[in-house]
Amino acid sequence: LTQSRPVASLKTKCNVRHFRSAITLLRTSWPGDEAPDSTVATTETSLASSTHPLMDPTTFLLGGDMALETVVQGEEIRDAKIFARNNVTGLTTIMRTGGGGVCSFSPDSAGTYEFLFQYVRPVKNETGVDFEVFTTTLTFALTERRTVTS
């Protein structure tokens with residue numbers, strides 16, 4: 001879980017409200033047409049929480065940096081820990097978000113990537129629920145295309 005500070009007044013039993021959100025981005029092509037970058041891939045969703053790229057990752061060129069934003073109920077989460085796993089190589093990269101809930105990811109190889117983010121916060125002024133847990137997954141594939149270096 002991303003909360004690294006101790007949780008005050010933890011009981012032996014607590015009630016948790018758990019929100020799960022998932023986004024999978026797929027590149028499709030139409031015969032004879034070059035598919036443009038998708039604005040849907042970069043749009044903030046109305047999900048309870050999300051990790052979403054700030055550029056279309058299905059057109060990303062390896063060798064560059066990709067910016068991602070993490071949001072919980074419309075609020076950008078600073079100092080969040082995001083785990084990025086290449087499901088082909090098994091390599092996991094851990095990133096932290098800064099201001100605006102943004103972090104930078106630099107993939108070094110093609111493959112299907114899965115990003116996982118969890119966030120816990122105490123619930124105030126509501127009986128029956130002590131904590132809210134938000135679990136977010138983002139999945140997409142990167143191809144072998146590389147940036148041209150001079």
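What share of the 150 residues of the protein count as buried? The answer is 38%, where buried means under 20% relative accessible area, exposed over 50% and partly exposed in between (1.4 Å probe, protein chains only). The model is a predicted one, so to speak with strings attached: local features need pLDDT of at least 70, side-chain atom pairs count only at pLDDT 80 or more, and totals for chains, interfaces and linings use all residues. Residues are numbered from 1 along each chain as its sequence is written, and side-chain values use heavy atoms, with hydrogens and water left out.

As for the fold, there are nine strands and zero helices (DSSP runs numbered from the N terminus: E, at least two residues, for strands; H or I, at least four, for helices). Among contacts (heavy atoms within 4.5 Å) between residues at least 6 apart in sequence, 60% join residues at least 24 apart.

Strand 7 (residues 102-105) turns Cys103 and Phe105 to its covered face, while Val102 and Ser104 sit on the uncovered one. This strand runs antiparallel to strand 3 (residues 66-72), with four bridges joining the two; strands pair if DSSP finds at least two bridges between them. Cys103 is the bridge partner of Leu68, and Cys103 is buried at 5% relative accessible area. Cys14, by contrast, is partly exposed at 32%. No disulfides (cysteine sulfur atoms within 2.5 Å) turn up anywhere in the structure.

Over in strand 8 (residues 111-122) lies Leu116, partly exposed at 32% relative accessibility.
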